[in-house]
Amino acid sequence: MGLADADFTRALEIESQERLGVKLPGDFADVLITRKDALYPSVLQAVPGIKKLLDNLPLAKAVASSASTWELERNLKITGLIDRFERHVYSADLVTAGKPAPHVFLHAARQLNIPPLECLV
């Protein structure tokens, strides 16, 4: 399950303390995010076949993610997928609670005007 960077770091800090008895360095989150952001442009790729699938799928589509809005847009541009979702790119930044809460998915369904029970996540 994807988590926003802050939520992921918090979960990792708890896990590290509980399982290993080790406190993460104070700059751990900043170093992790900096390294991730530097690495993504050179390694992030679309799943093989996804462009063709999206182009031929006659259904409304959206991206709903716990990533920040700028991360989503950057990642979709890197992978060449941004145009396939038009304006339907939704971040947990837009709702009151990120994953595992369903808020971002419910928001995307509302924006597409599709009942949540008719959505595939």
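**Pocket notes**

I began with the second largest pocket, where α2 gives the most to the lining, with four residues. Worth jotting down at the top: I am working from a predicted model.

Who else lines this one? I found that α1 (5–20), α2 (28–43) and α4 are the elements giving two or more residues to the lining of the second largest pocket. In total I get 17 lining residues, and L3, D5, K36, Y40 and A67 lie nearest the centre. I also looked up the space in the second largest pocket, which comes to about 240 Å³.

Next I sorted the lining of the second largest pocket by class: eight residues are nonpolar, four are polar and five are charged.

Then I moved to the largest pocket. How much space lies in the largest pocket? I have it down as about 990 Å³. Its lining is made up of 33 residues, and those nearest the centre are A62, V63, A64, F85 and L120.

I checked which elements supply at least two residues each to the lining of the largest pocket, and noted α3 (50–56), β1 (63–65), α4 (69–79) and α5 (103–112). Which element has the largest share of that lining? That is α5, with five residues.

Same sorting for the largest pocket: I count 26 nonpolar residues in the lining, with four polar and three charged.

Last entry, on α4: I have this helix in my notes for the largest pocket, with at least two lining residues, and again for the second largest pocket, with two or more.

Note on methods: Residues numbered from 1 in each chain as written. Predicted model: local features only at pLDDT ≥ 70, side-chain atom pairs only at ≥ 80, totals over all residues. Heavy atoms only, no water. 1 Å grid on protein atoms, 1.4 Å probe; cavity = no way out; pocket = protein on both sides within 12 Å on 5 of 7 lines; lining within 4 Å. Points joined across faces, edges and corners; volume = space filled by probe spheres on them. Nonpolar A, V, L, I, M, F, W, Y, C, P; charged D, E, K, R; others polar.
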